[in-house]
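Could you walk me through this model in the viewer, telling me what to select at each stop and what I will find there?

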Amino acid sequence: MTRTPLIAGNWKMNKTHLEAQALVEDLNDALTDHDFDAVDVAVLPPFVDIRTVQTVLDAAKSSIGLGAQDISQHESGAYTGEVSAAMLKALNVTFAAIGHSERRQYHGEDEAITNAKVKAALGAGITPILCVGEPLEVRQAGTHVQHTLDQVRGGLEGLSGDQVADTVIAYEPVWAIGTGEVATPEDAQEVCGAIRGLLSDLHGDDVASRVRVLYGGSVKSSNVADIMAKDDIDGALVGGASLKADEFAALAGNA
Ligand code: PEP
């Protein structure tokens with residue numbers, strides 16, 4: 001099974017809507033020669049920027065995909081501050097990051113919540129990017145693989161094989177996010193390979209071979225190729241390096 005790699009840029013809480021417009025226009029220009037059949041590229045702006053970014057991408061007939069950084073587990077109604085899957089779908093959002101370590105750390109998201117959000121996204125035809133990965137103390141204790149697999153198992157609980165195949169998993173060791181300390185390709189492959197192994201145990205080889213497993217944590221244009229050379233790594237979830245159009249385009253080009 002050949003998997004089309006995915007490079008997804010998580011803008012986090014950066015860029016006003018006007019700054020977002022400028023960034024996505026610059027990115028679209030910088031990706032003029034990019035081969036989108038070979039490598040998918042997506043951006044995940046803050047919620048308030050999504051409409052602006054969608055308008056730019058539509059007008060340019062761009063192949064850049066649009067994602068959200070989060071999604072509500074609820075369908076609609078009295079959930080102040082939440083944004084539903086249907087609202088995102090109506091804006092042509094095709095990806096939603098779920099369970100990013102910053103959501104887990106600052107907003108108490110656990111496996112029950114990530115699982116509900118994964119189901120909400122899939123129910124609306126949005127591809128979940130389920131983020132998993134261990135904090136430093138877990139890595140130091142040597143239980144990082146088990147920790148990460150528990151997050152995968154919990155986040156995908158109750159899904160059919162086809163639903164799992166429609167999900168992207170991003171392995172993001174917390175100690176590598178925003179720190180400049182990238183995991184070695186071997187360390188990243190150890191966990192990404194274990195994730196695919198778990199998917200195979202749960203749903204069989206065919207499903208496991210269809211799931212895109214990304215690495216995230218201080219990925220740049222200069223290190224993406226070495227990381228993606230590993231068998232079970234199908235792209236990257238990128239934070240800081242996605243905020244500069246030229247750097248992110250170069251990163252996608254080197255993927
Ligand atoms: C992220 O926020 O998902 C991330 C990987 O950030 P950075 O690339 O800045 O480490």
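Start by selecting A8 together with L237: in this predicted model, L237 of β8 is the bridge partner of A8. Now extend the selection to the two strands around them. Strand β1 covers residues 6–10 and β8 covers residues 235–238, and four bridges join the two in a parallel arrangement.

**The other edge of β1**

Keep β1 in view and add β2, residues 40–44. Five bridges link β1 to β2, again running parallel. To see one of them, pick N10 and look for L44, its bridge partner in β2.

How buried is β1? Five of its five residues are buried, so the strand is largely enclosed by the rest of the structure. Colour its two faces separately: L6, A8 and N10 sit on one side, I7 and G9 on the other, and all of them are buried.

**The whole barrel**

Next, show every strand from β1 to β8. They form a closed barrel of eight strands in the order β1-β2-β3-β4-β5-β6-β7-β8, with parallel pairing. From one strand to the next, the twist averages 25°. Then bring in helix α12, residues 245–254, which packs on this sheet and touches β1, β2 and β8. The direction of α12 makes about 160° with that of β1.

**Two helices side by side**

With α12 still selected, add α1, residues 17–30. The axes of these helices come within 9 Å and cross at roughly 40°. That angle lies between 35 and 65 degrees, the range counted as oblique, and α1 and α12 are therefore oblique to each other. The crossing of α1 past α12 is right-handed. For the contact itself, show L23, D26, L27 and A30 on α1, and A245, D246, F248 and A249 on α12.

**The annotated pair**

Now select H100 and E172, which an unreviewed UniProt entry lists under "active site". They span 73 residues in sequence, yet no two of their C-alpha atoms are more than 8.4 Å apart, so they gather at one spot.

Zoom in on H100 to begin with. H100 lies in the loop that leads from β4 (95–98) to α4 (101–107). With 28 C-beta neighbours inside 10 Å, H100 counts as buried. Setting aside residues up to four places away in sequence, H100 touches Q69 and C131.

Move across to E172, in the loop between β6 (168–171) and α9 (185–203). This residue is buried too, with 31 other C-beta atoms within 10 Å. Leaving out neighbours within four places in sequence, the contacts of E172 include C131, S101 and G133. Also among them are I177, G216, G217 and L237; L237 is the β8 residue that partnered A8 at the start of the tour.

**Two lysines with positive phi**

Finish with a pair of backbone details. Select K15, in the loop between β1 and α1. K15 is not a glycine, although its phi is positive at about 85°. Is K15 buried or exposed? K15 counts as buried, with 20 C-beta neighbours inside 10 Å.

The last stop is K61, in the loop between α2 (47–59) and β3 (65–68). K61 has a positive phi of about 50° and is not a glycine either. Here the surroundings are sparser by count: K61 is exposed, with 7 other C-beta atoms within 10 Å.

Note on methods
Residues numbered from 1 in each chain as written. Predicted model: local features only at pLDDT ≥ 70, side-chain atom pairs only at ≥ 80, totals over all residues. Pairing = 2+ DSSP bridges. Axes fitted to C-alpha atoms, helices over the stretch in contact; angles between N-to-C directions. Contact = placed C-beta atoms within 7 Å. UniProt positions renumbered as here; feature names shortened; annotations may be inferred. Buried ≥ 20, exposed ≤ 12 C-beta atoms within 10 Å, placed from the backbone. Parallel < 35°, antiparallel > 145°, perpendicular 65-115°, else oblique. Left-handed = near helix turned anticlockwise from the far one by under 90°.
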